[in-house]
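Student: I would like to learn how to read the packing, the charged pairs and the open spaces of a protein model. Could we go through them one at a time, with the general idea placed beside the particular case?

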Amino acid sequence: MKKKLVVLGLAAIAVMGISGCAITTDTIAVNYQPQTGVTPLQGAQSVVVDVKVKDNRLIQDKVSCKKNGFGMEMARIITAEDVNITFKKALEQELKARGFAIGPEALVTVDAELNKFYSDFKMGFVSVDALAECSLGVTVKGKKGTLLFSRQYMTEGAERNGMIAGGDNARLALEQALAQGMQKLFADPAFIAALLDASKS
C-alpha cells in the first residue's frame, strides 16, 4: 500500500512539474541547414533574382503549442525570428548555391506564400510525437510580371518518442518540414527552368 502511495505521489509531482513548464511560453530558433553537394548551374550567373515571402498563415502568433500530460493545450511556442524571414534566407541560400545572384535589379522574382508552418503534438501512452506541416506556394515572374511558374508544396517533419511536448521537439519537426520544402522546390526541374529562362525572355 505504501509503495502504491509513493508511486502515485511521484506521478503527481511529475505531472505538476510538466504542467509548470507547460504554462511558460517557449521561444525557439528554427535553423536551416543548406543542402550539400550543390554546384552552380550553367547560365545561372546571368540571372538576378528578387525573393519575396508573404506570411499567409491562419495562425501567425505561434508555430506550436505546448501540451500537458493530459494532452491539453497550454503555452505558445513562438519563433525568435519571423518565419517569413527564415524562409527568405533559406530560399536565397539555395539560389546562391546554384549560382544565381540576389538583388533588387532582378530579371526574375520568386514570390513565396507561406500558408502553413505548424507543429502539433500527438500524445502517446509513455511518449509524445511532434508532427510538423509546411505548406508553401511559389510563383516565378519575369521582369515585366509575366508568370513563368506556379506550384504548391506540402511537406512534413516528425520528431518522435519525446518525453515532453515542448519547444525543442517542435523545433526539430519544423526544421525537418522546412528542409523538405526546400528540397522539393529545388528538385523541381520546372522551377529551375523558369529561373534560367528568365535571362532569355
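Tutor: Let us begin with Phe-87, bearing in mind that this is a predicted model. Leaving aside its neighbours within four places in sequence, Phe-87 is in contact with Val-53, Leu-114, Phe-117, Cys-134, Leu-136, Leu-178 and Met-182.

Student: What is the general idea behind such a cluster of nonpolar side chains?

Tutor: In soluble globular proteins, nonpolar side chains tend to be buried together. In this structure the largest nonpolar core has 45 residues, and those that touch the most other members are Phe-87, Phe-117, Val-138, Met-182 and Phe-191. At least two residues of this core come from each of strand 2 (48-55), helix 2, strand 6, strand 7 (128-142), strand 8 (147-162), helix 3 (167-186) and helix 4 (189-200). Helix 3 supplies the largest share, namely eight residues.

Student: Is Thr-86 buried or exposed?

Tutor: Thr-86, which lies in helix 2, is buried, with a relative accessible area of 8%. Once its neighbours within four places in sequence are left aside, Thr-86 is in contact with Val-30, Glu-81 and Leu-178.

Student: How many disulfides does a search of the whole structure find?

Tutor: The search finds zero disulfides. As for individual cysteines, Cys-65 counts as buried at 4% relative accessibility, and Cys-134 counts as buried at 2%.

Student: Turning to charge, how many salt bridges are found in the whole structure, and how should I read one of them?

Tutor: There are 11 salt bridges in the whole structure. To read one, look first at the distance between the charged groups, then at where the partners sit in the sequence, and finally at how accessible each of them is. Asp-120 forms a salt bridge with Lys-67, in which the closest N and O atoms are 3.3 Å apart. Because Asp-120 lies in strand 6 (residues 108-123) and Lys-67 in strand 3 (residues 64-67), this pair ties together parts that are 53 residues apart in sequence. Asp-120 is partly exposed, with a relative accessible area of 24%, whereas Lys-67 counts as buried at 11% relative accessibility.

Student: Which residues are linked with Asp-120 in a network of salt bridges?

Tutor: The network links Lys-67, Asp-120 and Lys-122. The side chains of Lys-122 and Asp-120 meet in a salt bridge at 3.5 Å, N to O, and Lys-122 is partly exposed, with a relative accessible area of 44%.

Student: How should I read a salt bridge whose partners belong to one helix, such as Glu-92 and Lys-88 in helix 2?

Tutor: Here the spacing along the helix is the point to examine. Glu-92 and Lys-88 are four residues apart in helix 2 (residues 83-97), so they are separated by about one helical turn. Their side chains meet in a salt bridge at 2.6 Å, N to O. Glu-92 counts as buried at 14% relative accessibility, while Lys-88 is partly exposed, with a relative accessible area of 30%.

Student: Finally, how is empty space found, and what lines the second largest pocket?

Tutor: Rolling a probe the size of a water molecule over the atoms shows where empty space is left. In this model the second largest pocket holds about 150 Å³ of space. It is lined by 12 residues, of which Asp-26, Ile-164, Ala-165, Gly-166 and Gly-167 are the closest to its centre. Helix 1 (2-22), strand 3 and helix 3 each supply at least two residues of that lining.

Methods
Residues numbered from 1 in each chain as written. Predicted model: local features only at pLDDT ≥ 70, side-chain atom pairs only at ≥ 80, totals over all residues. Heavy atoms only, no water. Salt bridge = Lys/Arg side-chain N within 4 Å of Asp/Glu carboxyl O. Buried < 20%, exposed > 50% of the residue type's maximum accessible area, 1.4 Å probe, protein only. Contact = heavy atoms within 4.5 Å. Disulfide = S-S within 2.5 Å. Core = buried A, V, L, I, M, F, W, Y, C linked by side-chain atoms within 4.5 Å. 1 Å grid on protein atoms, 1.4 Å probe; cavity = no way out; pocket = protein on both sides within 12 Å on 5 of 7 lines; lining within 4 Å. Points joined across faces, edges and corners; volume = space filled by probe spheres on them.
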